[in-house]
Each structure stands twice: as structure tokens, then as C-alpha cells.
Amino acid sequence: MATTNLKELFEAAVEDSKGLSNRPSNDSLLQLYSLYKQATAGDASPEGPANPFDFVAKAKYESWVALKGKSRESAMQEYTDLVNKLKS
């Protein structure tokens, strides 16, 4: 039951993140990206981005890899908490 409620809160936070009144900082955006990926896809694959000069993709990948081992539920909760913080 708790997992279902967390999933609903997470999905609501994903929708809320699309309508934030202020654009989050790049650090916050990276955090949102990596928590979302961890929550929805689990650990990042060992292969990084194909283009070594795509610095945005590299930063996103490294941010996601840093969450290796974090449970999907924990990532969902942290994502939801971060969106709520950004909304206020």
C-alpha cells in the first residue's frame, strides 16, 4: 500500500516539476534527472554516452551513476521531496 502511495506522489511530482514557476539551477536539474532515472530505470548501465564531447550527456550520466545502489523507492521519495522544495 505504501509503495502505491509513493508511486502516486512521485508521478504527481513529475507533473509538478514541468510547471515550476522558476527554472531550477543546473545542479537541481541534474539532481532531478538522476533521481528520476534511478526511480524509473534503476542503476545506470556501465556504458557512458557515446560522444565524449557531449558534456551535458556526460554530466547527466555521471550524476545518475553516483546513485548506483539507491533503491527505486528511495529515489522516488527524494525526487518528490526535491520538487516540493523547489515549488515553495
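Rings of Phe, Tyr and Trp, the last represented by its six-membered ring, pair if their centres lie within 6.5 Å. In this predicted model, the structure holds three aromatic pairs, and F10, Y36 and Y79 form one aromatic cluster. That cluster offers a suitable point of entry.

The rings of F10 and Y79 have centres 5.2 Å apart and planes at 65°, so this pair is edge-to-face. F10 belongs to helix α1, residues 2-17, and Y79 to helix α4, residues 72-87; the pair therefore ties together parts that are 69 residues apart in sequence. Both F10 and Y79 are buried. Y79 also forms an aromatic pair with Y36, and this one is tilted, with 6.2 Å from centre to centre and 55° between the planes. Because Y36 lies in helix α2 and Y79 in helix α4, the pair ties together parts that are 43 residues apart in sequence. Y36 and Y79 fall into separate classes of accessibility: Y36, at 33% relative accessibility, counts as partly exposed, whereas Y79, at 4%, counts as buried.

From Y79 the path leads along its own helix. The 16 residues of α4, at 1.5 Å a residue, should span 22 Å, and the end C-alpha atoms of the helix are 22 Å apart, which agrees. The buried residues of α4 are A75, M76, Y79, T80, L82 and V83. Seen down the axis of α4, these buried residues fall within an arc of 165°, so they line one face of the helix.

T80 illustrates this buried set in α4. With 5% relative accessibility, T80 counts as buried. Its side chain reaches the backbone oxygen of M76 at 2.8 Å. When residues up to four places away in sequence are not counted, T80 touches L9, F10 and A13. F10 is thus a partner of T80 and also a member of the aromatic cluster.

Helix α2 meets α4 elsewhere through S28. S28 is found in helix α2 and, at 14% relative accessibility, counts as buried. Leaving aside neighbours within four places in sequence, S28 is in contact with L82 and L86. Of these two partners, L82 is listed among the buried residues of α4.

Attention now turns to helix α3, which comprises residues 55-65 and has Y61, S63 and W64 as its buried residues. These residues cover an arc of only 160° around the axis, which puts them on the same side of α3. What covers the buried residues of α3 includes α2, residues 26-41. A separate arrangement joins a charged residue to a ring: K60 lies over the face of Y33, at 4.7 Å from the ring centre.

The loop between α2 and α3 contains P49. At 31% relative accessibility, P49 counts as partly exposed. P49 and Y61 are twelve residues apart in sequence, while their C-alpha atoms are 7.2 Å apart in space. With neighbours within four places in sequence left aside, P49 is in contact with A57, K58 and Y61. Of these partners, Y61 is one of the buried residues of α3.

Technical notes. Residues are numbered from 1 along each chain as its sequence is written. This is a predicted model: local features need pLDDT of at least 70, side-chain atom pairs count only at pLDDT 80 or more; totals for chains, interfaces and linings use all residues. Side-chain values use heavy atoms; hydrogens and water are left out. Buried means under 20% relative accessible area, exposed over 50%, partly exposed in between (1.4 Å probe, protein chains only). Helices (H or I, at least four residues) and strands (E, at least two) are DSSP runs, numbered from the N terminus. The arc is that of the directions from the helix axis to the C-beta atoms. Contact means heavy atoms within 4.5 Å. Rings of Phe, Tyr and Trp (its six-membered ring) pair if their centres lie within 6.5 Å; planes under 30 degrees apart count as stacked, over 60 as edge-to-face and the rest as tilted. A charge sits over a ring if NZ of Lys or CZ of Arg is within 6 Å of the ring centre and within 35 degrees of the ring normal. The expected span of a helix is 1.5 Å times one less than its number of residues. A polar contact is a pair of N or O atoms within 3.5 Å; within protein, one must be able to donate a hydrogen and the other to accept it, and residues adjacent in sequence count only if both atoms are side-chain atoms.
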